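User: I would like to go through this model step by step, beginning with the overall fold and then turning to single residues. Please reason each answer out before giving the value or name.

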Amino acid sequence: MITAMPGLMPVLNADCKLYFDGQHDRWVLKGPQQLIFPDRLTLITLQACDGSCSGAQIARSLASFSDLKNVTEYDVLDVLEEFERRGFISVLNA
């Protein structure tokens with residue numbers, strides 16, 4: 001749904017938690033019966049899922065990260081769509 005409508009605003013679901021595990025020095029996304037260790041693109045994308053930015057805005061903001069300069073808007077929208085499909089995020093109408 002996000003890929004078809006990049007103006008939708010993604011938000012992390014209430015039953016999901018994104019946190020830093022200091023003991024193992026890694027980020028963790030915990031959801032119902034799921035545990036994910038996100039890569040840098042996924043982490044930054046999920047951190048931006050606060051319900052105030054659209055998927056397209058999140059993609060444009062990633063251009064400021066030098067290590068993600070080759071990432072396209074479609075890459076970010078694909079990440080958002082995958083995590084929506086898996087039940088980690090929901091979308092709000094703009």
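**Fold, core and loops**

Analyst: Before we begin, please keep in mind that this is a predicted model. Among contacts in the chain between residues at least 6 apart in sequence, those that join residues at least 24 apart make up 62%.

User: In what order do the elements of the chain run from the N terminus on?

Analyst: The secondary structure of the chain comes to three helices and five strands. Read from the N terminus on, these elements follow the order β-β-β-β-α-α-α-β.

User: What radius of gyration does the chain have, and what would a compact globule have?

Analyst: The C-alpha atoms of the chain fill a box of roughly 35 × 30 × 20 Å along the principal axes. For 94 residues, a compact globule would have a radius of gyration near 12 Å, and the chain agrees with this, at 13 Å.

User: How much of the exposed area of the chain do carbon and sulfur atoms supply?

Analyst: Of the 94 residues in the chain, 37% are buried. The chain exposes about 5,600 Å², and the share of this area that carbon and sulfur atoms supply is 51%.

User: How far apart are the mean positions of the positive and negative charges of the chain?

Analyst: The chain carries 8 positive and 12 negative charges. Taking the mean position of each set, the separation between the two is 5 Å.

User: Which element gives the largest share of the largest nonpolar core?

Analyst: The largest nonpolar core has 20 residues, and those with the most contacts inside it are Leu 29, Val 76 and Phe 83. The elements that give two or more residues to this core are α1 (40–47), α2 (55–61) and α3 (73–85). The largest share of this core, five residues, comes from α3.

User: Which residues does Leu 29 touch, not counting residues up to four places away in sequence?

Analyst: Leu 29 is one of the residues with the most contacts inside the largest nonpolar core. Not counting residues up to four places away in sequence, Leu 29 touches Leu 12, Lys 17, Leu 18, Gln 34, Leu 35, Ile 36, Pro 38, Leu 46, Phe 83 and Phe 88.

User: Is Val 28 buried or exposed?

Analyst: Val 28 lies in strand β3 (residues 26–31), and, leaving out residues up to four places away in sequence, Val 28 touches several residues, including Lys 17, Tyr 19, Asp 21 and Phe 37. Lys 17 is 11 residues from Val 28 in sequence, and their C-alpha atoms are 7.9 Å apart in space. Because the relative accessibility of Val 28 is 2%, and residues under 20% count as such, Val 28 is buried.

User: What is the phi of Asp 25 near, and what is the phi of Gln 33 near?

Analyst: Asp 25 has its place in the loop between β2 (17–21) and β3, and Asp 25 is exposed, with a relative accessible area of 60%. Gln 33 lies in the loop between β3 and β4 (34–36) and also counts as exposed, at 86% relative accessibility. Each has a positive phi in a residue other than glycine, near 55° for Asp 25 and near 60° for Gln 33.

User: Which residues is Val 71 in contact with, leaving aside its neighbours within four places in sequence?

Analyst: Val 71 is placed in the loop between α2 and α3, and with a relative accessible area of 26% Val 71 is partly exposed. The C-alpha atoms of Val 71 and Asp 39, which are 32 residues apart along the chain, are separated by 13 Å. Leaving aside its neighbours within four places in sequence, Val 71 is in contact with Leu 41 and Val 76.

Technical notes
Residues numbered from 1 in each chain as written. Predicted model: local features only at pLDDT ≥ 70, side-chain atom pairs only at ≥ 80, totals over all residues. Heavy atoms only, no water. Helix = DSSP H or I, 4+ residues; strand = E, 2+ residues; numbered from the N terminus. Rg over C-alpha atoms; globule rule 2.2 N^0.38 Å. Buried < 20%, exposed > 50% of the residue type's maximum accessible area, 1.4 Å probe, protein only. Contact = heavy atoms within 4.5 Å. Areas by Shrake-Rupley, 256 points an atom, 1.4 Å probe, with all protein chains shown as cover. Lys, Arg positive; Asp, Glu negative; His and termini not counted. Charge placed at Lys NZ, Arg CZ, Asp CG, Glu CD. Core = buried A, V, L, I, M, F, W, Y, C linked by side-chain atoms within 4.5 Å.
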